[in-house]
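Load the model in your viewer and set up a cartoon with side chains available on demand. The tour goes stop by stop, with a selection at each one.

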Amino acid sequence: MTLTIQEKTFLMNSIRDIVDFPKPGIVFKDITTLLADKEAYGVLMKHLQERYASYELTHVAGIDARGFIFGAALAQMLGIGFVPIRKKGKLPYTTVSEKYTLEYGVDEVEVHIDAFSNIDSPKVLLIDDLIATGGTAYAAANLINKVGAECVEACFIMGLDFLSGQSKLRDIVNVYTVIGVD
Ligand code: AMP
């Protein structure tokens with residue numbers, strides 16, 4: 001159920017740091033190296049499956065774009081639906097949107113107005129690869145609630161703990177980070 005220190009270290013070592021991307025001063029956490037390693041991706045996804053098996057979720061909602069990779073795989077493993085939360089202008093049907101401030105810019109996320117309406121009383125897990133300032137996830141959790149679903153937890157593979165981005169998000173939803181980065 002909980003990861004051992006060794007498993008956490010293994011996962012952390014499978015993620016690559018790219019210094020000064022996409023702009024000077026940012027250390028970008030590159031999860032493509034984790035994804036390419038079937039052992040690391042497997043350890044991570046099995047851990048998430050075990051954690052969320054008892055949550056009685058109806059959907060996993062993933063944040064554009066890396067949240068799709070973990071979220072869609074997890075939804076299939078849990079036998080539930082997947083909902084994409086996308087950057088502005090990508091979704092074809094009627095949307096609800098929220099603006100937010102990113103660690104490096106300003107952006108807007110959207111979800112289809114009827115995204116969770118295929119099931120009564122939707123219970124949703126929000127997922128993304130990383131929480132930095134928490135602005136993206138805060139907007140995404142608000143969107144889920146706005147369209148009539150309950151966001152029961154927000155899950156991140158990594159949390160940049162030095163940015164304390166989790167505290168505002170914790171006001172509206174339970175937060176779980178697999179790996180904390182100091
Ligand atoms: P934030 O809204 O500041 O919490 O930013 C989170 C979003 O930006 C996530 O979708 C991350 O994928 C991306 N992001 C922000 N900072 C980083 C970083 N240092 N490394 C990788 N992704 C990042």
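**Stop 1: strand β7**

Select Asp 129, which sits in strand β7, residues 123–131. This is a predicted model. Is Asp 129 buried or exposed? Its relative accessibility is 3%, under the 20% cut-off, so Asp 129 counts as buried. Now show what surrounds this side chain. Beyond the residues within four places in sequence, Asp 129 is in contact with Ile 31, Arg 66, Gly 67 and Phe 70. The contacts of Asp 129 also include Phe 156, Ile 157 and Met 158.

**Stop 2: helix α5**

Move to Ala 137 in helix α5, which spans residues 135–146. Ala 137 is buried because its relative accessibility is 3%, under the 20% limit. Which residues does Ala 137 touch, leaving out those up to four places away in sequence? They are Ile 63, Leu 126, Phe 156 and Leu 169. Phe 156 should already be on display, as one of the contacts of Asp 129. For a sense of scale, draw a C-alpha to C-alpha distance from Ala 137 to Glu 7. The two are 130 residues apart in sequence and 26 Å apart in space.

**Stop 3: helices α3 and α4**

Select α3, residues 38–52, together with α4, residues 66–78. The two axes come within 10 Å of each other and cross at roughly 55°. That angle makes α3 oblique to α4. The crossing is right-handed.

Show the side chains where these helices meet. From α3, pick Tyr 41, Leu 44, Met 45, Lys 46, Leu 48, Gln 49 and Tyr 52. From α4, pick Ile 69, Phe 70, Ala 73, Leu 74, Met 77 and Leu 78. Colour the contact by residue class: 11 residues are nonpolar, one is polar and one is charged. Phe 70 links back to the first stop, where it is in contact with Asp 129.

**Stop 4: helices α1 and α3**

Keep α3 on screen and add α1, residues 5–13. The axes of α1 and α3 come within 10 Å and cross at roughly 130°. This pair too is classed by its angle: α1 is oblique to α3. The crossing of α1 past α3 is left-handed.

On the α1 side, select Glu 7, Phe 10 and Leu 11. They meet Glu 39, Ala 40, Val 43 and Leu 44 of α3. The residues of this contact divide into five nonpolar, no polar and two charged. Leu 44 also belongs to the contact of α3 with α4. Glu 7 is the residue used for the distance to Ala 137.

**Stop 5: a histidine in α3**

Stay in α3 and select His 47. Relative accessibility here is 5%, so His 47 counts as buried. Setting aside residues up to four places away in sequence, His 47 touches Met 1, Thr 2 and Leu 3, along with Tyr 176 and Val 178.

**Stop 6: two cysteines**

Next, look for disulfides. How many does a search of the whole structure find? Zero. Select Cys 151, which is in no disulfide; the nearest cysteine sulfur belongs to Cys 155 and is 11 Å away. A disulfide needs sulfur atoms within 2.5 Å. Cys 155 is likewise in no disulfide, and its nearest cysteine sulfur is that of Cys 151. Cys 151 counts as buried, at 8% relative accessibility. Cys 155 is buried too, with a relative accessible area of 0%.

**Stop 7: backbone details**

Switch to backbone sticks. A cis peptide bond joins Phe 21 and Pro 22, with omega about 0°. Pro 22 lies in the loop between β1 (16–19) and β2 (27–30). Step to Asp 20, also in the loop between β1 and β2. Asp 20 is not a glycine, yet its phi is positive, near 65°. At 45% relative accessibility, Asp 20 counts as partly exposed.

Another cis peptide bond joins Asp 64 and Ala 65, again with omega about 0°. Ala 65 is in the loop between β3 (59–63) and α4.

Finish at Ser 121, in the loop between β6 (105–112) and β7. Ser 121 has a positive phi of about 45° although it is not a glycine. Its relative accessible area is 63%, so Ser 121 is exposed.

Note on methods: Residues numbered from 1 in each chain as written. Predicted model: local features only at pLDDT ≥ 70, side-chain atom pairs only at ≥ 80, totals over all residues. Heavy atoms only, no water. Helix = DSSP H or I, 4+ residues; strand = E, 2+ residues; numbered from the N terminus. Buried < 20%, exposed > 50% of the residue type's maximum accessible area, 1.4 Å probe, protein only. Contact = heavy atoms within 4.5 Å. Axes fitted to C-alpha atoms, helices over the stretch in contact; angles between N-to-C directions. Parallel < 35°, antiparallel > 145°, perpendicular 65-115°, else oblique. Left-handed = near helix turned anticlockwise from the far one by under 90°. Nonpolar A, V, L, I, M, F, W, Y, C, P; charged D, E, K, R; others polar.
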